[in-house]
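Reader: Before I use any assignment from a model like this one, I would like to go through the reasoning behind the words used for it. Could we take the terms one by one?

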Amino acid sequence: MAVAEEKHSPGIAQEKSWHGILLQSLKRNDISLVPYVPDRVLTTLIKNLHADPFFTTFPTAREEEAVGIVSGAWMGGRRGAVLMQTSGFATLANVLASLAIPYQIPLIMFVSERGTLGEFNYGQSLVCRTMRPVLDSLAMEHHTVTRLDEFEFICDRSIKQAVTTQAPVALILSPLLTGGKTFDK
């Protein structure tokens, strides 16, 4: 019965997808500004954000730019989140250590994980291995989400904690959750 209902109610099917859950969690937590660096894994989420008038969303040239925009928006009273992939995270240590963390900006980062589970690009694998140690060395809250049934809870609670404690958080979206980037050969 649930499968039949999903076929006839696309809104229900979207809400039960990881990207639908994320979109609804952003809305519930009044996060309306979402700059991003384009990424294939995040494509459906990005299209849905653009289609929803609640959100102001746009691509940026670099991840540091997106972090700067969300940081400035927070200082001006608006909540935001940044979307990126693992390789883009590699450029963020300085902006996190010199802006988001010391100025207590509740930066919410959603990072689609590359570099694991069948990755073909060695550079992605190297960055993937460094991401969590960098987050740990910055004492920055982070969670790797692997299961759809836990995603809403982790997403919602992480956003609330970031805003309440005024500290950044990274949610790493595992290929086990998203399906990852697929490659045709």
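Reader: Which residues does Leu83 touch, not counting residues up to four places away in sequence?

Author: In this predicted model, Leu83 touches Val34, Pro35, Tyr36, Val37, Leu42, Leu45, Ile46, Leu49 and Phe110, once residues up to four places away in sequence are set aside. Phe110 is also the bridge partner of Leu83 in β4.

Reader: What makes Leu83 stand out in the largest nonpolar core?

Author: That core has 28 residues, and Leu83 is one of those that touch the most other members, together with Trp18, Leu26, Phe110 and Phe151. At least two residues of this core come from each of α3, β1, α4, β3, β4, α9 and β6. Apart from it lies another core, of 19 residues, which includes Val70, Val82, Leu92 and Leu138.

Reader: Why is Ser174 called buried or exposed?

Author: The relative accessible area of Ser174 is 3%, and the term buried applies under 20%, so Ser174 is buried. Ser174 sits in the loop between β6 and α10, and, leaving aside neighbours within four places in sequence, is in contact with Glu113, Thr144, Val145 and Thr146.

Reader: What makes Ala139 and Asp30 fall into their accessibility classes?

Author: Ala139, in the loop between α8 and β5, has a relative accessibility of 70%, and exposed means over 50%, so Ala139 counts as exposed. Asp30, in the loop between α3 and β1, has a relative accessible area of 48%; the class between 20% and 50% is partly exposed, and therefore Asp30 is partly exposed.

Reader: What is the sign of phi in Asp30 and in Ala139?

Author: Phi is positive in Asp30, near 55°, and positive in Ala139, at about 55°, although neither residue is a glycine. Most residues other than glycine have a negative phi.

Reader: How do you know that β1 and β3 pair, and in which sense?

Author: Pairing needs at least two bridges, and β1 and β3 have three, in the parallel sense, so the two strands count as paired. In that pairing Leu33 stands opposite Gly80 in β3. On the same test, β3 and β4 pair in the parallel sense over five bridges, while five bridges also join β4 to β6, which run parallel, with Val111 opposite Ile172 in β6.

Reader: Why are β2 and β5 said to stand at the edges?

Author: The six strands form an open sheet in the order β2-β1-β3-β4-β6-β5, with parallel pairing. β2 and β5 each have a single partner strand, so one side of each is left without a neighbour in the sheet. From one strand to the next the twist averages 20°. Helix α5 packs on this sheet, touching β1, β2 and β3, and its direction makes about 170° with that of β3. Strand β3 itself is mostly covered, since six of its seven residues are buried.

Reader: How many of the residues reach a pLDDT of 70 or more, and which element has the lowest mean?

Author: In the protein, 89% of residues reach 70 or more, and the mean pLDDT is 88. Helix α1 has the lowest mean among the elements, 36, whereas β1 has the highest, 98. Over residues 1–13 the pLDDT is below 50, and beyond near neighbours in sequence this stretch has three contacts in the model. Where pLDDT is low, the predicted coordinates should not be read in detail.

Technical notes. Residues numbered from 1 in each chain as written. Predicted model: local features only at pLDDT ≥ 70, side-chain atom pairs only at ≥ 80, totals over all residues. Heavy atoms only, no water. Buried < 20%, exposed > 50% of the residue type's maximum accessible area, 1.4 Å probe, protein only. Helix = DSSP H or I, 4+ residues; strand = E, 2+ residues; numbered from the N terminus. pLDDT = per-residue confidence, 0-100. Contact = heavy atoms within 4.5 Å. Axes fitted to C-alpha atoms, helices over the stretch in contact; angles between N-to-C directions. Core = buried A, V, L, I, M, F, W, Y, C linked by side-chain atoms within 4.5 Å.
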